[in-house]
Amino acid sequence: MDVKLELPIWILMQDFIPKGIAVVFQKGYYQYYKYLSMKKGNVAGLSMVLAAYVLFNRCRSYKELKQEQPSEYH
């Protein structure tokens with residue numbers, strides 16, 4: 001409960017030049033092949049990819065989805 005998340009400060013400290021972005025992708029690539037790469041594919045790996053895709057699209061279009069919610073009249 002005492003953990004303080006300082007996300008804006010962390011984001012401002014990140015390197016957004018092309019070289020910095022390339023380093024982030026390279027680290028992600030190595031982490032994928034270190035922990036998630038499998039010799040035999042299965043449903044769990046595919047479901048994780050699909051869940052990440054759905055979550056990404058949901059976050060990207062949150063404003064539009066929020067405006068389309070039906071309102072309750074009392």
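This is a short walk through one protein chain, from its overall layout to a few chosen residues.

The model is predicted. Confidence therefore comes up early, because pLDDT is the predictor's confidence in each residue, from 0 to 100. The mean pLDDT of the protein chain is 77. A value of 70 or more is reached by 73% of its residues. Confidence peaks in helix α3, with a mean of 86. Confidence is lowest in helix α4, residues 62-67, where the mean is 71. Where pLDDT is low, the predicted coordinates should not be read in detail.

Now the layout. The protein chain has four helices and zero strands. Read from the N terminus, the order is α-α-α-α. The chain holds 74 residues, and buried residues make up 4% of them. The exposed area of the chain is about 8,100 Å². Carbon and sulfur atoms supply 65% of that area.

Start at the N-terminal side. Leu5 sits in the segment before α1, the helix of residues 7-13. Is Leu5 buried or exposed? Its relative accessible area is 73%. The cut-off for exposed is over 50%, so Leu5 counts as exposed. Leu5 also belongs to a nonpolar patch on the surface. Its partners there are Leu7, Trp10, Ile11 and Phe16. Together the five side chains' residues have about 580 Å² of accessible area.

Move on to the loop between α1 and α2, where α2 spans residues 18-36. Gln14 lies in this loop. Gln14 is partly exposed, because its relative accessible area of 29% falls between the limits of 20% and 50%. How far apart in space are Gln14 and Val24? Their C-alpha atoms are 9.9 Å apart, and the two residues are 10 apart in sequence.

Next come the aromatic rings. The structure holds one aromatic pair. Tyr29 and Tyr30 form this pair, with ring centres 5.9 Å apart. Their planes meet at 65°, so the pair is edge-to-face. The angle settles this because planes over 60 degrees apart count as edge-to-face. Tyr29 is partly exposed, at a relative accessible area of 49%.

Finally, look at helix α3, residues 43-60, which contains Asn57. Asn57 has a relative accessibility of 18%. Buried means under 20%, so Asn57 counts as buried. The side chain of Asn57 also has a polar contact with the side chain of Arg60, at 2.9 Å. This contact involves a residue of α3, the helix with the highest mean confidence in the chain.

Technical notes. Residues are numbered from 1 along each chain as its sequence is written. This is a predicted model: local features need pLDDT of at least 70, side-chain atom pairs count only at pLDDT 80 or more; totals for chains, interfaces and linings use all residues. Side-chain values use heavy atoms; hydrogens and water are left out. Patches are made of residues with over 30% relative accessible area and no salt bridge: like charges are joined within 9 Å, nonpolar side chains (Val, Leu, Ile, Met, Phe, Trp, Tyr) within 5 Å. Accessible areas come from the Shrake-Rupley method with a 1.4 Å probe; for residues, only the protein chains shown count as cover. A salt bridge is a side-chain nitrogen of Lys or Arg within 4 Å of a carboxyl oxygen of Asp or Glu. Helices (H or I, at least four residues) and strands (E, at least two) are DSSP runs, numbered from the N terminus. Buried means under 20% relative accessible area, exposed over 50%, partly exposed in between (1.4 Å probe, protein chains only). A polar contact is a pair of N or O atoms within 3.5 Å; within protein, one must be able to donate a hydrogen and the other to accept it, and residues adjacent in sequence count only if both atoms are side-chain atoms. Rings of Phe, Tyr and Trp (its six-membered ring) pair if their centres lie within 6.5 Å; planes under 30 degrees apart count as stacked, over 60 as edge-to-face and the rest as tilted.
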